[in-house]
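Here are some notes to read alongside the structure. Have it open while you go through the points.

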Amino acid sequence: MSVLSICAASTHTCGADRPPNVILIFADDLGPGMLGCYGQQVVTTPHIDQLAAEGMKFTNYYGGVYCAPARWTLLTGMHDGRVGGWANSRPGLPILRDAGKITEAQYQTRLAELKRNSHPIGDDEVFLAQIAQHAGYETAQFGKLDRGFLTWHERVKRFGWDFYEGYYDHQRCHGFYPPYLWRNGERFELPGNRMADCGKTSEAGDEPVGYGGETYSQNVFIEGILKYLRSHQDKPFFLYHPTQLPHGPVAIPELHPDFADHPSMTLAEKKYASMVKMLDDHVGLIMAELKSLGLDDDTVVLFSSDNGHELYYGPKPAYKKQQLPSGEPANLTDKKWRTREHGDIFDGAGGRAGLKRSGYQGGMQCPLIVRWPGKIASGTETSLLSCHYDFLATLADLLGEETPAGKDGISYLPTLLGNPQTQMHDYVIINNHFNAMGSRALISLEGFKLVEADRDRDDFQLYNILDDNEERVDLSERYPEKVKQLKQTLRQQINSQRPDLR
């Protein structure tokens with residue numbers, strides 16, 4: 001790639017004969033509050049917690065508020081306020097064809113039209129996996145392919161993936177029993193799965209355990225990942241696993257023993273908890289395989305999630321209605337909607353206000369755990385202001401590559417290695433087209449967070465999230481000049497041009 005050049009020297013010293021492998025496990029709709037190392041009390045996550053015990057945990061880390069923009073910012077290294085950050089392709093076309101609602105000829109015509117109108121990629125644009133490719137790495141992706149919502153072979157390859165296996169259509173990802181998946185442009189069938197919607201369950205989640213088919217997609221992916229590790233143990237690789245778990249509607253082949261006979265959980269809650277347990281168990285399988293292959297010390301493992309917590313069980317109807325347990329309406333001041341106070345047995349948002357799609361912390365604050373034995377000190381944590389769009393720069397730094405000019409991200413590798421973090425964000429931008437419970441936000445280095453509480457009324461709130469991560473005390477009247485300053489910056493960044501493109 002002519003737009004990249006190799007650095008003469010990296011900012012780190014590996015002390016090894018080969019550069020490190022990199023694995024990024026990217027959960028779906030998993031708030032930090034669902035992990036034991038971030039405070040979860042009901043569902044145990046020992047394997048993910050072990051990553052934190054042996055590595056570094058981030059406590060001031062941000063994704064997006066929604067699936068596709070969160071993935072866009074991760075893969076491009078740009079904040080999702082930039083032009084194109086929320087420009088998604090329309091999903092669902094394969095389901096219409098598979099259900100017999102349109103013919104194959106109609107499908108091909110509509111797919112060709114979608115391709116023509118889907119966000120053209122310039123020759124000079126550089127994506128996350130291309131950084132690894134340029135460093136001589138093999139790249140692989142398993143799961144919910146690329147940014148969303150509907151992709152195809154040539155597009156996935158353009159993003160830089162040498163090998164891939166998974167779903168082209170994110171709407172099909174709402175079911176866990178697809179009739180087929182895609183591997184390197186070739187369709188392969190999944191035994192016992194016949195439903196065009198991939199076995200998508202209802203919002204109530206009360207279908208029988210195992211409903212939808214016989215072959216569960218996540219089991220296909222973990223088998224593929226372990227096979228890939230075994231076949232690539234002698235060459236450096238970057239493996240990205242954007243799993244469906246624990247995105248709903250809930251579905252699981254069998255309930256986890258921890259919850260099968262739980263005396264008070266509903267069936268949907270048991271299924272959801274079992275999905276989180278499967279995710280944790282599969283992290284354990286990946287780590288065990290690395291150890292078995294002798295790759296453990298030579299592999300950087302990262303665990304994160306696309307956006308904040310989402311409910312696929314319990315009090316979801318009350319959240320949609322913004323209703324308190326008393327029946328009175330919630331508000332955006334002293335009675336914000338929180339999982340902790342509204343009947344969520346797991347408190348998935350961990351006390352934070354809001355959920356996925358919200359401008360408050362519950363919608364956008366994400367876990368990030370990074371482990372690299374002998375390089376990252378065990379059991380450490382950092383409050384460094386960081387976000388998904390930093391990962392591209394961090395990967396480049398780690399592999400001795402230059403970050404392409406104009407990217408918004410900043411490498412947090414110095415922090416990982418215990419070195420001075422000389423470059424830091426003045427602010428992180430989170431765009432949001434939803435306005436149900438807060439909208440866009442800016443988080444500053446000093447700890448202030450500006451939230452667009454109501455776009456129609458030009459209503460903004462200010463919080464100090466370093467002292468008040470639950471956003472209970474609005475400081476906007478105390479610091480009007482700070483609100484004015486941050487509001488101006490936020491508005492300048494929303495729909496701004498991309499400086500990384502010519």
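1. How many of the residues of helix α2 (residues 67-76) are buried? The count is 10 of 10, so the helix is mostly covered, bearing in mind that buried means under 20% relative accessible area. One thing to keep in mind throughout: this is a predicted model.

2. Let's stay with α2 for a moment. Its buried residues are C67, A68, P69, A70, R71, W72, T73, L74, L75 and T76, and the list takes in an arginine and two threonines, R71, T73 and T76. The cover over these buried residues includes β1 (21-27), α5 (128-134), β4 (138-144), β8 (237-242) and α11. Right after the helix comes G77, with a positive phi near 75°.

3. Now the nonpolar packing. The largest nonpolar core holds 79 residues, and I23, Y62, L229 and F303 have the most contacts inside it. Helix α8 (residues 267-292) supplies the largest share of this core, 11 residues. There is also a second, separate core of 43 residues, with F127, W182, Y240 and L399 among its members.

4. L229 is a good place to zoom in. Leaving aside residues up to four places away in sequence, L229 touches I23, F237, L239, I286, E289, L290 and L293. I23 is another of the residues with the most contacts in the largest core.

5. I222 sits in helix α7 (residues 217-231). Is I222 buried or exposed? I222 counts as buried because its relative accessibility is 6%. Beyond residues up to four places away in sequence, I222 touches H282, L285 and I286. Take L285: 63 residues separate it from I222 in sequence, yet the two C-alpha atoms are 8.2 Å apart in space. I286 is also on the contact list of L229.

6. A word on cysteines. How many disulfides does a search of the whole structure find? The search finds 0. For C173, the nearest cysteine sulfur is that of C67, 7.8 Å away. C173 counts as buried because its relative accessibility is 2%. For C198, the nearest cysteine sulfur is that of C173, 7.9 Å away, and C198 is in no disulfide either.

7. C198 deserves another look for its backbone. Phi of C198 is near 65°, a positive value in a residue other than glycine. C198 lies in the loop between β7 (186-189) and α7, and its relative accessible area is 0%, so it is buried. D29 can be read alongside: it is not a glycine, and its phi is positive, about 65°. D29 is found in the loop between β1 and α1 (46-53), and it is buried too, with a relative accessible area of 0%.

8. Two peptide bonds to check are cis. One joins G148 and F149, with omega about 5°; F149 is in the loop between β4 and α6 (153-158). Another joins L245 and P246, with omega about -5°; P246 is in the loop between β8 and α8.

9. On to enclosed space: the structure has 7 cavities of 30 Å³ or more. The largest is about 90 Å³, and its lining is made of S89, S118, H119, D146, R147, G148, L150, T151, W152, R155 and F159. By class, that lining has 3 nonpolar, 5 polar and 3 charged residues. Note that G148, from the cis bond with F149, is in this lining.

10. What is the make-up of the lining of the second largest cavity? That lining has 11 nonpolar residues, 1 polar and no charged. The volume of this cavity is about 70 Å³, and its lining includes V22, W372, F391 and Y412. The elements giving two or more residues to the lining are β9 (299-305), α11 (391-399) and α12 (413-416). Of these, α11 gives the largest share, 4 residues.

11. Last, the largest pocket, with about 480 Å³ of space. It is lined by 25 residues, and Y66, E310, K316, K356 and R357 are the closest to its centre. Helix α9 (residues 316-321) gives the most to the lining, with 3 residues. By class, the lining divides into 10 nonpolar, 7 polar and 8 charged residues.

Terms used: Residues numbered from 1 in each chain as written. Predicted model: local features only at pLDDT ≥ 70, side-chain atom pairs only at ≥ 80, totals over all residues. Heavy atoms only, no water. Core = buried A, V, L, I, M, F, W, Y, C linked by side-chain atoms within 4.5 Å. Buried < 20%, exposed > 50% of the residue type's maximum accessible area, 1.4 Å probe, protein only. Contact = heavy atoms within 4.5 Å. Disulfide = S-S within 2.5 Å. 1 Å grid on protein atoms, 1.4 Å probe; cavity = no way out; pocket = protein on both sides within 12 Å on 5 of 7 lines; lining within 4 Å. Points joined across faces, edges and corners; volume = space filled by probe spheres on them. Nonpolar A, V, L, I, M, F, W, Y, C, P; charged D, E, K, R; others polar.
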